[in-house]
Amino acid sequence: MEERTPHSTETVPRTLRRRFPGLPSQIAYARRFVARQLADSPELTTATLLTSELATNAITHSASGMATGKFEVCVHLSSGWARVEVRDLGNVMEAPQPQHRDPYDTDEHGRGLDLVEALASTWGSEPRVDGMGRMVWFELTWDED
């Protein structure tokens, strides 16, 4: 997928990243990491929810959830714009896709990417440049007042 440039060209995007062990308990830490970076953003709640969904997918559907697995969260910030990337150890044979489940379906799983698709300004998935897995990302935009 094509990488977009930040909304504002007046400010240089700031990039922060952190690696987490591929354990379910680490999803809360990934959310907190993103929350600290977007503390002043009106999209804070959306960013932490979507981060949680992508981190959950990373440890559930890739080698990141194995005994020595890990995943990385990268946050790019600029005025009125944020991009969050979750990099896993991948299953590059199958690209993540929203399930488009019936809202009355009572299954507890399979709606994460539907949320990402509905709430993000844009999102995508691509093999990592280093060939070691997949990166799933979303972008959020807001008015800076």
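**Briefing: second largest pocket and selected surface residues**

Strand S2 makes the greatest contribution to the lining of the second largest pocket, supplying three residues. The structure is a predicted model. This briefing covers that pocket, a nonpolar surface patch that includes Leu 119, and the position of Val 12 relative to Ser 79.

**Second largest pocket**
- The second largest pocket holds about 210 Å³ of space.
- Its lining comprises 13 residues, of which Glu 72, Arg 87, Arg 128, Asp 130 and Met 132 are the closest to the centre of the pocket.
- Two strands, S2 (70–78) and S4 (122–127), each provide at least two residues of this lining.
- Sorted by class, the lining of the second largest pocket contains seven charged and six nonpolar residues, with no polar residues.

**Nonpolar surface patch**
- Leu 49, Leu 115 and Leu 119 together form a nonpolar patch on the surface, and their combined accessible area is about 210 Å².
- Leu 119 belongs to helix H3, which spans residues 112–119.
- Leu 119 counts as partly exposed because its relative accessibility is 40%, a value between the limits of 20% for buried and 50% for exposed.

**Val 12 and Ser 79**
- Val 12 is located in the segment that precedes strand S1 (14–21).
- The relative accessible area of Val 12 is 73%, so this residue is classed as exposed, the cut-off being over 50%.
- Although Val 12 and Ser 79 are separated by 67 residues in sequence, their C-alpha atoms are 8.8 Å apart in space.

How values were computed. Residues are numbered from 1 along each chain as its sequence is written. This is a predicted model: local features need pLDDT of at least 70, side-chain atom pairs count only at pLDDT 80 or more; totals for chains, interfaces and linings use all residues. Side-chain values use heavy atoms; hydrogens and water are left out. Patches are made of residues with over 30% relative accessible area and no salt bridge: like charges are joined within 9 Å, nonpolar side chains (Val, Leu, Ile, Met, Phe, Trp, Tyr) within 5 Å. Accessible areas come from the Shrake-Rupley method with a 1.4 Å probe; for residues, only the protein chains shown count as cover. A salt bridge is a side-chain nitrogen of Lys or Arg within 4 Å of a carboxyl oxygen of Asp or Glu. Helices (H or I, at least four residues) and strands (E, at least two) are DSSP runs, numbered from the N terminus. Buried means under 20% relative accessible area, exposed over 50%, partly exposed in between (1.4 Å probe, protein chains only). On a 1 Å grid over the protein atoms alone, a cavity is a set of points where a 1.4 Å probe fits but cannot get out, and a pocket is an open set with protein on both sides within 12 Å along at least five of seven lines; lining residues have an atom within 4 Å of a point. Grid points are joined across faces, edges and corners, and a volume is the space filled by probe spheres set on the points. Ala, Val, Leu, Ile, Met, Phe, Trp, Tyr, Cys and Pro count as nonpolar, Asp, Glu, Lys and Arg as charged, and the others, Gly among them, as polar.
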